[in-house]
Amino acid sequence: MASTHTAHPERPDHPGERAAENPIALLAVRDTPLSLDEVFKAVGEDAAGGTALFVGTVRNHDGGADVARLGYSAHPTAEAELRRVAERVVAAHPVRALAAVHRTGDLRVGEIAVIVAVSCPHRAEAFEACRMLIDDLKHEVPLWKHQTFGDGTEEWVGAC
């Protein structure tokens, strides 16, 4: 049976096809557990047809070694740098809403370390913007990971 749905041509002049005026909804570096619901709610936007969300969790291994403990610490400028990264993502994509939160302190295996989410008019844009947000956060925001391995050795990893 043929589809009876007729696609409407894109209307790039429609306000919903453009970035929102103030799309940065939530940015935080905090020492309390992170909430998927909080982040997802922050990027809820009626004009968004796609929302991409990335959740980074503490895994039980790294570089072939068992991870026993992990802690994150942040430079005092971490939130300002996170904002700079978010502003660059917003400038590069038609973001309707953006959120990013990163945890500090001691975390157990399985706990959430970072959540980023982006809503855009379309899914491809949301995926691209979310990927840029997490990649740039990991490379540029001054957060450090201290891992203690099962054999007692330790390692610091800069700009998580």
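Eight bridges join strand β2 to strand β7, and the two run antiparallel. This pairing belongs to a predicted model, in which four strands form an open sheet of mixed pairing, ordered β1-β5-β7-β2. The points below take up the sheet, the helices that pack on it, and the surroundings of Val67.

**The sheet**
- The edges of the sheet are formed by β1 (24-30) and β2, each of which pairs on one side only.
- Neighbouring strands of this sheet are turned by 5° against each other on average, when direction is ignored.
- Within the β2 and β7 pairing, Thr57 has Ile112 of β7 as its bridge partner.

**Helices on the sheet**
- Helix α2 packs on the sheet, where it touches β1 and β5, and its direction makes about 150° with that of β1.
- Helix α3 also packs on the sheet, touching β2, β5 and β7, and its direction makes about 145° with that of β7.

**Helix α3 in detail**
- Helix α3 covers residues 123-140, and its 18 residues reach 25 Å from the first C-alpha to the last, close to the 26 Å expected at 1.5 Å a residue.
- The buried residues of α3 include Ala126, Cys130, Ile134 and Asp136, and the buried residues of this helix pack against β2 (50-57), α2 (78-92), β5 (97-103), β7 (112-120) and β8 (143-149).

**Val67 and its surroundings**
- Val67 lies in strand β4 (residues 65-74) and counts as buried because its relative accessibility is 9%, which is under 20%.
- Leaving aside neighbours within four places in sequence, Val67 is in contact with several residues, among them Arg59, His61, Val109 and Phe149.
- The C-alpha atoms of Val67 and Asp37, which are 30 residues apart along the chain, are separated by 28 Å.

Key
Residues are numbered from 1 along each chain as its sequence is written. This is a predicted model: local features need pLDDT of at least 70, side-chain atom pairs count only at pLDDT 80 or more; totals for chains, interfaces and linings use all residues. Side-chain values use heavy atoms; hydrogens and water are left out. The expected span of a helix is 1.5 Å times one less than its number of residues. Buried means under 20% relative accessible area, exposed over 50%, partly exposed in between (1.4 Å probe, protein chains only). Contact means heavy atoms within 4.5 Å. Two strands pair if DSSP finds at least two bridges between them. Axes are lines fitted to C-alpha atoms, for helices over the stretch in contact, and angles run from 0 to 180 degrees between N-to-C directions.
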